[in-house]
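Grab a pencil and work through these exercises with the model open beside you. Try each task before you read its solution.

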Amino acid sequence: MLKQWGRSAGYLAVVGFSAPFAMPLFLLLPMSGIALIAAGLGFVLFPLVVMLIRIWTDMHRLLVGWVLGTRVETQLRPLRGGVLARVRQVLTDPTTWRDLVWLFVNMIMGFVFGIAGMIVTSFAAASTFLLFFWWTMPDDMPVQIMDVHVDSVGKAIVVAAPTAVVGLALAWFGVPLLARVHATISKALLQPSALEARVEELAETRAGAISSHDAELRRIERDLHDGTQARLVSIAMRLGMAEKSMDDKDPVSMLVREAREGAEQAMGELRDVIRTMYPPILADRGLDGALAAIGARCPVPTVVETGDLDGVPAPVEAAAYFVVAEALTNVAKHSSATSASVRVVRDECVRITVSDNGMGGIDEGRGTGIIGMRRRVAALDGTVAVDSPAGGPTVISVELPCAS
């Protein structure tokens with residue numbers, strides 16, 4: 001109990017003394033916003049100020065959990081991408097607005113609760129001191145409690161003792177109560193709502209399931225490539241050798257040739273299956289190399305431009321690969337285009353833009369592959385936008401969140 005009281009007293013001291021210091025931090029936000037409007041400097045300052053506020057509020061999240069005995073998750077996340085991507089990231093993050101609301105409320109609430117805790121504690125300490133050490137006070141500063149001059153042990157016991165008991169009771173019960181009330185309000189302001197927490201939990205669960213599924217597909221792909229496909233190659237080679245050693249007029253030779261051709265056809269079908277599961281080229285050359293290969297194979301002259309794609313999670317890599325492959329297949333089959341371009345960059349998302357100078361007029365209901373593309377992207381919480389007016393050009397824009 002004494003340990004909990006010490007935590008509460010320390011908590012109130014920290015929030016009471018730190019609350020006024022949040023004012024300069026709070027004022028930095030509109031100043032950086034003005035700079036954002038007036039000059040490009042604000043694009044750099046604004047995310048940094050938000051990150052400073054996030055560090056400040058995360059410190060208080062830890063303190064709140066320390067007092068309440070529960071875990072309050074910190075919300076600091078690294079900023080990714082260029083300057084504009086960082087500004088967009090902090091503006092679209094709900095935590096930013098929770099932090100600002102709490103910062104404004106706590107500038108007053110924290111100071112009030114801190115002062116209240118200090119008053120209660122000081123009253124208890126002063127009344128206890130007067131009970132036992134009234135006699136140390138100088139003559140020109142007599143001890144008076146409730147208009148009674150305390151100048152003897154009897155008066156101290158009769159008058160000062162009840163005051164000390166009340167003061168100690170107020171401090172003993174009041175300080176933890178004040179700390180818990182402040183911490184509870186802070187937790188309500190700083191912690192995501194139950195719905196937001198549930199959505200985040202489901203997103204993490206789904207991301208884990210997708211990653212596990214992707215890992216399993218990779219394992220199956222390796223097994224098929226190194227095991228089944230290798231055995232089919234061996235069978236086809238043996239059948240080919242047997243075919244060459246036979247006379248063409250031998251009726252068994254025809255059966256052997258048919259068996260060899262069947263084995264080769266099975267190998268082709270197996271390779272197609274493997275490519276649709278997890279393209280081996282992704283593991284061999286990475287996403288940028290795989291996209292360059294798709295562009296090189298496309299019958300329509302295609303320019304592929306990629307940024308830094310290192311560290312993209314495997315499910316996002318696979319989705320990006322298949323999206324570009326499907327989009328360029330549509331270009332080759334349906335657009336009558338003479339040129340196409342693919343641009344893939346990464347900030348907080350993987351952003352894919354596929355455009356062509358064809359006749360446009362994409363109708364998703366006619367089996368152009370856009371529906372399948374949307375389903376693949378939606379599985380990762382991504383978005384697909386298609387701009388394809390009649391007469392062209394066609395632009396397909398895809399965003400894939402790339403958090404692990």
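Before we start, here's the rule for pairing: two strands count as paired if DSSP finds at least two bridges between them. Keep in mind that this is a predicted model.

**Exercise 1. Work out how β3 and β4 are linked.**

Step 1: Look for one bridge. Thr 302 has Ala 340 in β4 as its bridge partner.

Step 2: Look for another. Thr 306 is bridged to Val 344 of β4.

Step 3: Get the full tally and the direction. β3 and β4 run parallel and are joined by five bridges.

Step 4: Follow the chain from one strand to the other. On its way from β3 to β4 it goes through α10, and this β-α-β crossover is left-handed.

**Exercise 2. Put the strands of the sheet in order and find its edges.**

Step 1: Write down the order. Five strands make an open sheet, arranged β3-β4-β5-β7-β6, with mixed pairing.

Step 2: Pick out the ends. β3 (302-306) and β6 (383-387) each have a single partner strand, so one side of each has no neighbour in the sheet.

Step 3: Check the twist. Ignoring direction, neighbouring strands here are turned by 10° against each other on average.

Step 4: Go through the antiparallel pairs. β4 and β5 run antiparallel, joined by seven bridges, and Ser 341 has Ser 355 of β5 as its bridge partner. These two strands form a hairpin with two residues between them. β6 and β7 (residues 394-401) also pair in the antiparallel sense, over five bridges; there, Val 386 is matched with Ile 396 of β7.

**Exercise 3. Decide how α9 and α10 sit relative to each other.**

Step 1: Find the angle. The axes of α9 (residues 280-297) and α10 (residues 314-335) come within 10 Å and cross at roughly 15°.

Step 2: Turn the angle into a word. Angles under 35 degrees count as roughly parallel, so α9 is roughly parallel to α10.

Step 3: Add the handedness. α9 passes α10 in a left-handed crossing.

Step 4: See who touches whom. The contact residues include Leu 287, Leu 291 and Ile 294 of α9, and Tyr 321, Val 324 and Leu 328 of α10. Sorted by type, the contact has twelve nonpolar residues, one polar and two charged.

**Exercise 4. Do the same for α10 and α11.**

Step 1: The axes of α10 and α11 (residues 370-378) come within 10 Å, crossing at roughly 170°.

Step 2: Angles over 145 degrees count as roughly antiparallel, so α10 is roughly antiparallel to α11.

Step 3: Among the residues in this contact are Phe 322, Val 323 and Asn 330 of α10, with Met 373 and Arg 376 from α11. The contact splits into seven nonpolar residues, one polar and two charged.

**Exercise 5. Which strands do α9 and α10 lie across?**

Step 1: Start with α9. It lies across β3 and β4 (340-346), and runs at about 170° to β3.

Step 2: Move on to α10. This helix lies across β3, β4, β5 (349-356) and β7, running at about 10° to β5.

Methods: Residues are numbered from 1 along each chain as its sequence is written. This is a predicted model: local features need pLDDT of at least 70, side-chain atom pairs count only at pLDDT 80 or more; totals for chains, interfaces and linings use all residues. Side-chain values use heavy atoms; hydrogens and water are left out. Axes are lines fitted to C-alpha atoms, for helices over the stretch in contact, and angles run from 0 to 180 degrees between N-to-C directions. Helices (H or I, at least four residues) and strands (E, at least two) are DSSP runs, numbered from the N terminus. Angles under 35 degrees count as roughly parallel, over 145 as roughly antiparallel, 65 to 115 as roughly perpendicular and the rest as oblique. A crossing is left-handed if the near helix is turned anticlockwise from the far one by less than a right angle, and right-handed if clockwise. Contact means heavy atoms within 4.5 Å. Ala, Val, Leu, Ile, Met, Phe, Trp, Tyr, Cys and Pro count as nonpolar, Asp, Glu, Lys and Arg as charged, and the others, Gly among them, as polar. A crossover is right-handed if, with the strands pointing away from the viewer, the path from the first strand over the helix to the second runs clockwise.
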